[in-house]
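Biologist: Could you take one part of this protein and walk me through it slowly, as you would for someone in their first year? I would like to hear about the aromatic rings and the nonpolar interior around them.

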Amino acid sequence: MKVVSREYKVMLDHQAFAARKEAAELFWKELTDLGKTIAFKGKGCFDSTKKREVLFLDTPDVTLRRNGLVLRVRENREEESLQYTLKCRSPDRYLAAGVDLSPAEDLDCNDDHCNDDHCKEKLEEDIAAPFRSRFSHSTTLTFADGNKPRFGKMPKSLCQAAELFPVLTDLRLDGFNCPGDTKLVAVNGVRAFERVLTGPSIEFDSEDAEVALILWSSSRKGRPLVAEFSFRYKDKKEDFSRAVAKAAKDFYGVLQRHDWCHPTAISSAS
């Protein structure tokens, strides 16, 4: 399984984004100004925003986390869509890639519950400050146009979640199989409102990297409680050049010393 993208993430000072639009514009202007001193070029502006509610589910004794898994649900009420992602992260590429995250057989590409882009499986490299690399293998299912799984919006137990991702029927805890009726709850009781601002890109040695600014708040009108910046470059054939990797790493090091950044802050785990 090929690594199709490399994504670098850094936490920002969330208090600086109380006025979201103005702060995002100022933040991006200062970043693009950095391009005059190091080898990258910032292009475009934040001209698109996704708004959705997000939560992470696990059993009360965090069985999924102990098995190296993350289950995330995103709801976009404006688009009437639901997105379910099961993810395995590990510093060991082969441990992450080797987990079977296949969707249930009845959720194939011809399923009329979902849009044409409803099922995605990928292996990515996630890079966190100061330069900590992990591999993230994930499958995402998207239900569009108001459709939803048989259990409704939120799976309330492992067996319901396994209707999407059958691997969840095989979870073990302390050497024993985890019963299918084991409850799923929101991790730390948190259901966050997420804004994802996109549009700009960064050019490293003629390779464009997508940029995203992610803001979490407790409600649609609440002030940001978490702010994260990321950039990602892709290649379906995993043909990443040394020149691009070096330019991205150099930029990432400078970025972490920028006044806006707060590398030790709590991540959104997005």
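Modeller: A residue is called buried when its relative accessible area is under 20%. With that cut-off in hand, and remembering that this is a predicted model, we can turn to F40, which counts as buried because its relative accessible area is 6%. F251 is buried as well, since its value is 1%.

The structure holds 21 aromatic pairs, and F40 and F251 form one of them, a tilted pair whose centres lie 4.5 Å from each other, with 50° between the planes. This pair links distant parts of the chain, for F40 lies in the loop between helix 1 (20–34) and strand 2 (41–43), while F251 belongs to helix 5 (residues 242–255), 211 residues apart.

From there we can move to the largest nonpolar core, which has 33 residues and in which F204, F229 and F231 have the most contacts. Two or more residues each come from strand 1 (3–12), helix 1, strand 11 (192–204), strand 12 (207–217), strand 13 (226–234) and helix 5, and of these it is helix 5 that gives the most, with seven residues. If we leave aside residues up to four places away in sequence, F231 touches, among others, Y8, I202, F204, V211, A248, F251, Y252 and L255, and so F251, the partner of F40 in the tilted pair, is one of the residues that F231 touches. A second, separate core has 27 residues, including L57, V73, A104 and C178.

Finally, another ring has a charge for company: the charged end of K249 sits over the ring of F131, 5.4 Å from its centre.

Notes:
Residues numbered from 1 in each chain as written. Predicted model: local features only at pLDDT ≥ 70, side-chain atom pairs only at ≥ 80, totals over all residues. Heavy atoms only, no water. Phe/Tyr/Trp six-rings, centres within 6.5 Å; stacked < 30°, edge-to-face > 60°. Helix = DSSP H or I, 4+ residues; strand = E, 2+ residues; numbered from the N terminus. Buried < 20%, exposed > 50% of the residue type's maximum accessible area, 1.4 Å probe, protein only. Lys NZ or Arg CZ within 6 Å of the ring centre and 35° of its normal. Core = buried A, V, L, I, M, F, W, Y, C linked by side-chain atoms within 4.5 Å. Contact = heavy atoms within 4.5 Å.
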